Amino acid sequence: MGNFLGVGGDRSADAAHYIALADGLVVTESHGEAWFTLDSSNTDLMSEAARDAELDEAVAALSKLLAGSEVHLKILWSPLSAADYMDEAQSLFTAGRWQEWAQTRVDRLDEIALPDRHLLMGVRITERSGQAAAGRRGIADGLGVGSSGLSSRELARLDASMRRLGRLLEATPWRAQPAPVEMLAWMIAREQHRTTPLPSPNKGLITGAKLAALTRGRVLPYPDHLRVTDAHGQTAAWTAILTMSGFPEHMESPGAGEWLRTLSEITYVPDIDDDDLTYDIDPASLILPVSPEASVRFKVMGKRDAMTKADQARRLAKEQRRSAAQHSAEDPGRAVEETEGVMADLLRDMGRKDVTLVEDHPRLIVTSTTGLEDLRARIDAVRAHFGGLGIEVGVGEEEQRELWLEAQVGDRLRVPDMGHTRDVTALAGSWWWGGAKVGDDSGPIVGYLTGSTPGVFRNDVTSGSERGDATTTAYIGRSGRGKTTAMMLSMLDAAFRGAFVLALDFKGDLGGVVSAGRRFGLNSHLIETGAAFAGVADLFRLLDKEGSERAQIEVPAQLGIAMPPHLRARGAETPVQHAVNAVISQGEPATWKVIDYLRRSDDPLARETGEALYELGQTAIGGPFMGRPRDGAAPLVPEPGIWVVQIPGLSLPGATDSREDWNVLQRMSVALMHSMLAYGITTAGRKDLRTLRKVVAVPEVHVLTATREGASFLEYIARVGRALSTSLLLDTQDPESLAKLVGVIEQLTTLVGFQLTNRVQQDALAELLGLPVGHHTRTLIQSIGMGGDGEIRHGHSIVRDRRFNAASVQWDIPTEELLRLLDTTPRADAPAASDDVSTAQEAAV
């Protein structure tokens, strides 16, 4: 009678009685379960072939590893704990006012309030007692003499079973790992919405009173929802359990078939009083995530049982068809005929492939901490979302208690009549582990994911050599889309990590990173071309740690590039080498001393060469490498901090241009570039600096790739970066030219792609990102830098990380002040380089 009325059997069973929690284990009085955390897979931009292969792996894992097991899948959300980033920053940053820098990011994370997704899977691995034992416990507890415990032998046996299963599930696309006991405690306690601290495990176990405290709370069931009360008797949360009662006959993946992956995409607009709306409020800020959670209990049938059930359905449809043919109607109906054909095809597939059937019972859990009306608004959003996919979702009327208990860890299936039987591909095609994932596992947070799974984006450009990996990062995209700003954010994080950051600024718009560095207490310098910075790129000063032997070769080569070709044709290189040798022998050598020595020489050719070089040294481009330094000018030294060398207006010759055809501007540009490239190479290779993190940043890298010397420099730094702890950051608008530098492309660890509109460049970027070349990817690359209103969306990009995952990412500047400092537009005020000239002017800055 109880079963007939729907109140008997599992519906009326007692709630789960927990005995112990351990890593990967939940032990109740009736059974033991193995619990695993599942890894997310990056599927948003995955190629069709890769998706098909991963789906096949998941189907095989369900069919072989979990066949016959009772499985409980949970998708949970938790608010991102921004304060944890401050704790992590203590091990990340060492330079400047890093605490203030980290706090700006913490405040920003609190503002955007990103949720964290947690994927967990529980598998029942053993039975401990039956209904009789449970009944005896109820009597014993009622008499006050009940007791329960878990022996060390049984715990060891359960742990061994869990780890055997875990090793098998680790090789699946879910990369399963035993769930830490702290995660299991959080998963159980969170249902009570209490703010009390979680109990700490004792020797890896939570038992006794600590375990009982996890479930201390009160939940009041109502016909269409539940109310969770806090310690003071006030309602802390309103919760509703939704059932998924109907699915389309066919569902496509990618598409509507991914009904579990799309949970993070459900949003709603809460009801807000007009008094709370300000005139300047951003409409996008009113759209909030619903974040419904999922609880899916399922059991994969064995191949024989599944084939038997499918054959029974086929035979029933066949009998119905024959019965209809023997009566006057003689029409069995299209549905009966289709059922017979579908069951026949399913039997054939199960016989040939790793296909079987699964009985699953999906539930959605919607929670509001605001009020009942807010809960109902969230429910409406969930129903509308799945209704658009052809899936029927409804509130479990009059069964909220049973459905809520069913969703708890360690409980059981209580409402079996709200389930579905389908092939395992339909369940795997929900892609509960799919979404967006890209970036480093640890390190500075520089943005957030914009795909189907929310999360932060971490990028540490200095960590490649520590992993024994490549060290090159490329930022590619059209002008004005945020690639230079993204590179400056990476430079700042590297400087806070104690790195020496050298930027060769050919365009002249990196001055903002110096202002930002000074704002947060970093050692930051801006060096420009001009008389004020005469001698700052003198190779004798830059190569002083390498000894005079290196400068004895590099300086004559540099002056040979700068001198007029007719003097070089007359043999002027010989007196220049003589002057270099003489100046070195006198001590404290400098390039301007070499030129002065030539001007005072008795040799007419030497004097004429010296006069020509002296006049060229008075120019804005010649002064930095062969001019006489002014008093107080700070040299370019390899110490932690940011050093931006701004040399706009260079006119470098092409790789095919003859040296004899270079004009004076091209000769001076190449000579100045010779200083910077020689300095970059020697600094990277110095033995006394091997342990120092070093970063070489090159915006507008096509300026270098147009010359043989520049291309060789980039390939050298990229190839030896791992061994020399030197990271290379490249910023370019031309991925096609960059792709030709094989030595650089082979050493890429991270690639950031911004908007491009040219088809050839789009295809080149698609290949670098590892995305399939075609119309879909071109459309994606063109739209990545546009907002919903068609306007520019700065900082939005596609990132390919060191694991070759690709996902869309929004680079995020945490404060308006920092945004103004890093402004690269022509109207932006350039920072004064005063600390490189005089201390008095630095105070004014």
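This is a dialogue between a reader and an author about how to read some features of a predicted model.

Reader: Before any single element, what does the secondary structure of the protein come to, and how many residues count as buried, as a percentage?

Author: The model is predicted, and its secondary structure comes to 32 helices and 27 strands. Of the 845 residues of the protein, 52% count as buried, while the accessible surface comes to about 37,400 Å², with 49% of that area belonging to carbon and sulfur atoms. Among contacts between residues at least 6 apart in sequence, 76% join residues at least 24 apart.

Reader: How should I read a sheet, and in what order do the 11 strands of the open sheet stand?

Author: Strands of a sheet pair through backbone hydrogen bonds, either parallel or antiparallel. Here 11 strands form an open sheet with mixed pairing, and their order is 18-17-27-26-25-19-24-23-20-22-21. Strand 18 (456–458) and strand 21 (524–528) are the edge strands, each of them pairing on one side only. From one strand to the next, the twist averages 25 degrees.

Reader: In which sense do strand 17 and strand 27 pair, and which strands run parallel to strand 19?

Author: Strand 17 (residues 445–449) pairs with strand 27 (residues 806–811) in the antiparallel sense over 3 bridges, and Val809 in strand 27 is the bridge partner of Leu449. Strand 19, by contrast, is joined to strand 24 by 5 bridges, and these two strands run parallel; within this pairing Tyr475 stands opposite Asp731 of strand 24. Strand 19 also pairs in the parallel sense with strand 25 (residues 748–753), over 5 bridges, and Thr472 stands opposite Leu748 there.

Reader: Is strand 19 enclosed or open to the outside, and which way do its residues point?

Author: A residue counts as buried when its relative accessible area is under 20%. By that reading 5 of the 5 residues of strand 19 are buried, so the strand is largely enclosed by the rest of the structure. Thr472, Ala474 and Ile476 point one way, Thr473 and Tyr475 point the other way, and all are buried.

Reader: Which strands does helix 15 lie across, and which does helix 16 lie across?

Author: Helix 15 (residues 483–496) lies across several strands, among them strand 17, strand 19 (472–476), strand 20 (500–505) and strand 24 (726–732), and it runs at about 165 degrees to strand 24. Helix 16 (residues 511–519) lies across strand 20, strand 21 and strand 22, running at about 155 degrees to strand 21.

Reader: How do I read a helix by its length and cover, taking helix 24 as the case?

Author: An α-helix has 3.6 residues a turn, so residues three or four places apart point the same way. Helix 24 (residues 664–685) has 22 residues and reaches 32 Å from its first C-alpha to its last, which is close to the 32 Å expected at 1.5 Å a residue. This helix is mostly covered, with 18 of its 22 residues buried. At its start, a side-chain oxygen of Asn663 comes to within 3.1 Å of the backbone nitrogen of Leu665.

Reader: What is found at the start of helix 29 and just after it, and how many of its residues are buried?

Author: At the start of helix 29, a side-chain oxygen of Asn758 reaches to within 2.9 Å of the backbone nitrogen of Val760. Just after the helix, Gly770 takes a positive phi of about 80 degrees. Of the 11 residues of helix 29 (residues 759–769), 8 are buried, so the helix is largely enclosed by the rest of the structure; the buried residues include Gln761, Gln762, Asp763 and Leu769.

Reader: For a single pair of side chains, what joins Arg363 and Glu406, and are these residues buried or exposed?

Author: A polar contact of 2.7 Å joins the side chains of Arg363 and Glu406. Glu406 lies in helix 12 (residues 400–406) and is buried, with a relative accessible area of 2%. Arg363 is found in strand 14 (residues 357–368) and is likewise buried, with a relative accessible area of 1%.

Reader: What else does each of these two residues reach or contact?

Author: The side chain of Arg363 also reaches the backbone oxygen of Met418 at 2.8 Å. Leaving aside neighbours within four places in sequence, the residues in contact with Arg363 include Ile241, Glu293, Leu403 and Val415. On the same terms, those in contact with Glu406 include His72, Arg297, Asp411 and Val415.

Key
Residues are numbered from 1 along each chain as its sequence is written. This is a predicted model: local features need pLDDT of at least 70, side-chain atom pairs count only at pLDDT 80 or more; totals for chains, interfaces and linings use all residues. Side-chain values use heavy atoms; hydrogens and water are left out. Helices (H or I, at least four residues) and strands (E, at least two) are DSSP runs, numbered from the N terminus. The expected span of a helix is 1.5 Å times one less than its number of residues. Buried means under 20% relative accessible area, exposed over 50%, partly exposed in between (1.4 Å probe, protein chains only). A polar contact is a pair of N or O atoms within 3.5 Å; within protein, one must be able to donate a hydrogen and the other to accept it, and residues adjacent in sequence count only if both atoms are side-chain atoms. Two strands pair if DSSP finds at least two bridges between them. Axes are lines fitted to C-alpha atoms, for helices over the stretch in contact, and angles run from 0 to 180 degrees between N-to-C directions. Contact means heavy atoms within 4.5 Å. Accessible areas come from the Shrake-Rupley method with a 1.4 Å probe; for residues, only the protein chains shown count as cover.
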